[in-house]
Structures are given as structure tokens and as C-alpha cells.
Amino acid sequence: LPMAFRDVNARRHIGLQQLSSLALAGRTFLGPLKLCKFIVDESTNQSTLICSAVRLIESLDLTSAAGQLLNETIQAQNKEFKTGMSTLLFLVGAWSNAVVECLQQNVPVSAIVSVMSEGLNSCCERVQCLQISIHDVNKELCSSSVRPNTSKSKTCQTGCDSLPNSQLFLYFQKDISVPEIIPMNSCSHQDYGCNFNKRLVLPLTGFGSVASLVRPAGDRSTSVTSGSGVTTSSCNKQKLTHSRYFSTLGKSLFSSQQGNFQGYFLEPSTDSCECSGLGHLAMALSHGNETSMKLLQSIVTYQQETAEHNGSSQLNVAEIVTCCLVGLPESYSCASPGFVTLVSPEQVTVIKYFEGKLLRILLIDGDLTEQYRHLGFNRPCNVRTIVEHPSLQEGDVWLSIMLDNLIKFGVNLVLVKGNVCENLRERCMANSILLVSSVTWNVLCAFGEVTGTRPVTYLTQLNASCVGSGAQVELWKACDGRAMDLGEHIPIRIKARGIPLLTAVLTTTVASKMQLIEDQFWTFVYRLHHALNDKKVFIGGGAVELLCLSHIQMLIEQPLQPANQNAAKEFHNPWLAASATEYKSVVLQALASGWKQYLLVVMCNTAKAASELEACTSVDHYLRKAADCGSPSAYILKEFRRGHLLGDSAGPFADHKEVLKVYDNVTAKTEAWRRALDLVLLVLQTDAEIVTGPRKNHLLNSLVSSEFMFL
């Protein structure tokens, strides 16, 4: 067997080298200050800005087996957690290099597998002391004086947000039933629009607690919405003509657009975030993404207000959808109740005809095309279709039948999960029927619950019980009250009374940046979602990785004796302890090198160190101090709370009065570690079988299968 291992080490491990090369491209994605990459599609010559390992791997030509395994591993992490993929990709490369170095030192594959697997398990158990419950995090963050500097904006420096949130004025106009909230400060049109990504669009009718803001005309009492910091006052004046809080431009702007707003544009209240704790937790999990942080804080505030009756404080991801609008400034990003989507300009006439009307709605769970068949459908044999109307072509017959069914049951709006036949869409438009395609399943379910609609797979299944009512459709209006014409696509808003859906409208003027903005938003949403599900978080800023390094150093310094009880505890297979003892130090150092390289790259990417040498010196300094302290975990926790761990951890929030504490997900981080190591060991096993053959490697096969399972 030793001769076989020397044969393995004498040859090249192609799979490990391929993993290392692929992972090298994702080094810039680590840390809060990521460096983006442009991916150019050679077929269309269009470029896309990416900043995630998922988009990178999808864009690469992965023809090798190792590349395919890497893609499947990252996709599995993305499907389950939506975060941690960049960490996974980097550690795959770092540990692949470390394993190759072990092979070059003639370390047996069995020792590499057993020691690295047990070392990772031991580290995962050790870092549990750095987990903090959500309750304690909320208490600590809410009691601290850390506040985001939201009064400044790169595009707006005058005081749209300089006044407290309570300085809002609610007034009514006699000829409309929709109240408007106007910030009571002096602010130009551009200034007002630049901070709309901090405000939440709330509906004014049919959305529960929001209606409590409206008081009857003549009631001049004031009220403060609980948790929102918004002071409201009823006033039955016909028109607001003057206020000391308005400039001339601001006054003319809002007086000319009365009745055009779809709802409230509220800035997330600091007090509301304090009461729930989720606002500060969202900030700590944002990792520097300030735009997504403010948008998500608005979503959390809205969901908590609408869920007050059941006492739920969880973030409901199923009730959040996104709509990407290219052509508007990023400051126009906001959260809008209902379902915002894009349609073709030809459908605008039908939408304007439907505005203000309650529509009969139908949901299609599949494609609305003639060729569509549900999954598992088997076409019957020996059956011929006879056309009843020889004068019509077969396609025209299908179109006529589908249109007749819709007209028969009085359907006005059809939401389709898949694609829609364009010829059918045109015929429906001519008969004032709106078809909306590419609607996600959670949106169909939400409309089905509030409208009483039952989804069908084919229009031939349509009956009266499948059609619901109460839906409304209108052109989506931006923060300035105008409907947006973006050329090829027109944004519309579909709503119904009581629907919990909330659409995050993401905007940018750079088309290649749109995918990046959407990916960052969903990553942030799922960070908060998993933190609430785990009910605990890791302290961030490199604390967990630093404790892993300290723990591995302690394991290396402790001699491993087969007869010792520590050996049985650290290595659950006693018969492997003797063979692993000789190589324990080398393999554990290889395992530690992955986390150390991770810290070095993050420090360099965030400009906490000018070079990897300087970063390495800093990490070694903290490791020495942690060892001298006697309790590394207590030392790391103390430095984290002081904000001195591995330099200033505020990152992009460096302009805060105090250092912003950063936290990480527990399950997503540890699963990224396990998936990365499992992949490296799987490729190591495969390479060893290719070089030595299955007969010489039968012992290795049984060893690896007993030590770990891939994914």
C-alpha cells in the first residue's frame, strides 16, 4: 500500500488542480467590499456584471468532471441557503492546494481523509461558543448607540432626511379619497426622489392596519402610528397652498400631483426597528450592502405591521417578489404592495381600461400554448384528431376554443406560470382580456387565497368554480407619481384586497448591473431569513475562522496517542488513529491553511492590510494573544465587542459614530465548510482511483465511504 501511495504522489492530481484553478477566479468575491467581474456573452456580445460564485460558475465552460462537481456543489448551497457560495468556492481552492501539498510530502490519502474530516468536525463543535442567540443580539444592538448615517446620500446632500420621521404632514383633498404624506422639509424634486429607496410604498385601501391612519374628515385629532414614528393629522382643506417647510419647487410639485400616488412613501422608522430588533439585525447581516439593507428594513416593517394580529415576527420570504426595472435611477428602488411585473406596451390600452375595476381572475399552472402538456403526460396511441371546422386551420381551432372559454366565464385577467402563445395574447387583447406570463408559483398561490381562484393546468378544465374575483390592475407609478414607459416593457401593479405580497422594485440605469443588484438583494433577504430560523448567529469579522485556527493549533500541540482517550474522542475510528498519528500535524496545518488564506484575502479585499504578508502578520499576532490569554474564545469575543478584531470591522459603514458589529449565519457557514471539504476529498478519492486502479485502492474506498458522504 505505501508503494501505491508513492505512485499516486508521483503523478499529477488533475482534478484537484482543476478545482484550484476554477476557484482562483472567485477570490475577489470575499468580504463586504467585493470586486465585481464582467462576463461577456460571445454569442450576443452583451456583458453582465457579476459578484457571486453562482453567476461565475454558470458563466464558465465546465467540461471537466471536477468542474461539474463544483457546479453541483455550489448550486446545492445556493438552492438551500442563497448565501455562502463565495466562501465555499474559495475554500475548495484553498483546501485543494493544501491536499496537493500533503501528497507531495507522501502523506497517505487515508490519513488526509480521516484527519481533515475529524479536524473539521472538531472545529465545528469548538466554534459553537461563538454563537449568539437572536434575542441577545437584538438586546445588544438595540441598547447600543450604533445608528446608520442615513441623512447623507451620494446623490443628495440636502436635508430630505435631516428632520425626524415624525415631521410628516398628512392632508386630504376633497375631490380624492387618497391621503398623501409629504415630508415637511425644504427639498428639491431631485432631493426628494433620491431617497425614495428608503421609503415604503403602502396601499391606502384594503391593506389592514394602514387604513387606521385615515380619520374621518373633520376629526382634527392627531395620532401616531405605533412603531412607525409617523404623525398624522386630518385636514379637510381643498388644497395646501403654503407651508414654511416647503420650497417653491416642492410646493408646486406636490400640489400638481395630488391623487397620483399609489400609497405612502415612508422612511423606515428607527423606533420601529428598535422595537422589533430586526432592523438592527438586518444592518448587522448586511455586510455593507446599504441599499438592500434599507429596502429590506422597509419590507420587514411592512410585514410586521400587517402581521400584528397573529404576533408573527418572522420574515416571510414567500411573500416577497422582485421586479427589475432598467432605465430608472437606483434611488427609485422601493417596496410596493401587490405584484409588480412587466408587460408589453400593446397591453397598456387594456390596463387603462381596467383601472379602478374589480376583475375576474384565472390562474394557469403551466404554459398557455397548444403544444404544452403537463409533466408525465403520455399521448394516447391510435387516436386521430378530426377537425370539426375544415375551413379553419388546426391552430386557429385551438385559439378559438381557448378564447371562447375565457369569454364564456367572463375572465378579465389571466396569470400564467409559464409561457403564453402570442397569437392567443393578441386575440385576448382585442377582447379586453389581459394575459400575464412568467408568474411564479408563490404569486399564484397568494392570489388564489385572496380571490378564491383555483389554478388549472389547461383552459379546457375551466369551470365557474375556478374563476375568482376582486383583482385590480393599474400602471405602476414611480416615486414622483408618474407611470413609467421603459420602452419595450411597461411596469404594472396587480393587487387584491388582503393580499400579503410585497414586490421589491429594483431599478438601475445600467442594464448589465441589474442581475447583480437582484442577486445581492436576495442574498441579504435569505441571510436574515436563515438567522431568524436558526435563532442564532455567529459573531463576524473573521472571529469564527480565527478561533478555528487557534483550535487547530491546540490540536497540533497535543500529541495524539492511540491508547489515549483523547485519540478516541478526536478520531472516532480507533483503528485509524495509529496510521494518522504520524501525519496529524501536517494534515491539520493543511486544514488550517484554508481558513488562514480566507482571512488574508478578506483583509486585503477590505483594505485592512496592504498585502497578504501584512495580513498574515496581523493574524499571527491575534493568534499569539489568544493563546497567551488562556481562553481563545473569550479573547476573541472580547475583541469583537470592542470592535478591534482584525482591524476596524465597520467596513463600508466606517462613517458611523461607533463600529458596526457584523454577524454571520450559523448553518449556512458551517455547511459551506462541509460541502467544500467533502468535494475536495471526493475528487481526491477519484484521482487516487484513476492513478492506482480500483484493486490497489479498495482499502481507500472503504475508508472514504465510512468517513464522509458527499452532499
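**Exercise 1. Which residues do ring pairs link into a cluster with Trp-95, and what is the geometry of the pair formed by Trp-595 and Trp-673?**

Solution. In this predicted model, ring pairs join Trp-95, Trp-595 and Trp-673 into a cluster. Next, take the pair of Trp-595 and Trp-673, whose ring centres are 5.1 Å apart and whose planes meet at 65°. Planes over 60 degrees apart count as edge-to-face, so this pair belongs to that class. The pair connects distant parts of the chain, since Trp-595 belongs to helix α21 (residues 584-605) and Trp-673 to helix α24 (residues 666-692), 78 residues apart. Finally, consider the surroundings of the two rings: buried means under 20% relative accessible area, and therefore Trp-595, at 0%, counts as buried, as does Trp-673, at 0%.

**Exercise 2. How many aromatic pairs does the structure hold, and how are the rings of Phe-521 and Trp-522 arranged?**

Solution. The structure holds 8 aromatic pairs. One of them is formed by Phe-521 and Trp-522, with 5.6 Å from centre to centre and 65° between the planes, and this pair is edge-to-face. Phe-521 has a relative accessible area of 1%, and therefore it is buried.

**Exercise 3. Over which rings do Lys-82 and Lys-357 lie?**

Solution. Begin with Lys-82, whose charged end sits over the ring of Tyr-526, at 5.1 Å from the ring centre. Then turn to Lys-357, which lies over the face of Tyr-353, 3.6 Å from the centre of that ring.

**Exercise 4. Which way do the side chains of strand β14 point, and which strands pair with β14?**

Solution. In a regular strand, side chains alternate between the two faces of the sheet. In strand β14 (residues 413-416), Leu-413 and Leu-415 point one way while Val-414 and Val-416 point the other way, and all of these residues are buried. Strand β13 (residues 359-364) pairs with β14 in the parallel sense over 4 bridges, and within this pairing Ile-364 has Val-416 as its bridge partner. Strand β15 (residues 434-436) also runs parallel to β14, to which it is joined by 3 bridges, with Val-414 standing opposite Leu-435. To complete the picture, helix α15 (residues 422-430) is added to β14 and β15, and together they make a β-α-β unit that is right-handed.

**Exercise 5. Why is helix α11 described as largely enclosed by the rest of the structure?**

Solution. Helix α11 spans residues 278-285, and 8 of its 8 residues are buried, which is why it is largely enclosed by the rest of the structure. The buried residues are Leu-278, Gly-279, His-280, Leu-281, Ala-282, Met-283, Ala-284 and Leu-285. After the helix comes His-287, with a positive phi near 55°.

**Exercise 6. What is the strand order of the open sheet of 3 strands, and which strands stand at its edges?**

Solution. The order is β3-β19-β20, and the pairing is antiparallel. The edges are taken by β3 (131-133) and β20 (663-665), and because each has a single partner strand, one side of each is left without a neighbour in the sheet. Neighbouring strands in this sheet are turned against each other by 50° on average, with direction ignored. As a last step, examine the pairing of β3 with strand β19 (residues 536-539), which is antiparallel and extends over 3 bridges, with Ser-133 having Lys-536 as its bridge partner in β19.

Methods. Residues numbered from 1 in each chain as written. Predicted model: local features only at pLDDT ≥ 70, side-chain atom pairs only at ≥ 80, totals over all residues. Heavy atoms only, no water. Phe/Tyr/Trp six-rings, centres within 6.5 Å; stacked < 30°, edge-to-face > 60°. Buried < 20%, exposed > 50% of the residue type's maximum accessible area, 1.4 Å probe, protein only. Helix = DSSP H or I, 4+ residues; strand = E, 2+ residues; numbered from the N terminus. Lys NZ or Arg CZ within 6 Å of the ring centre and 35° of its normal. Pairing = 2+ DSSP bridges. Right-handed = clockwise from strand over helix to strand, strands pointing away. Axes fitted to C-alpha atoms, helices over the stretch in contact; angles between N-to-C directions.
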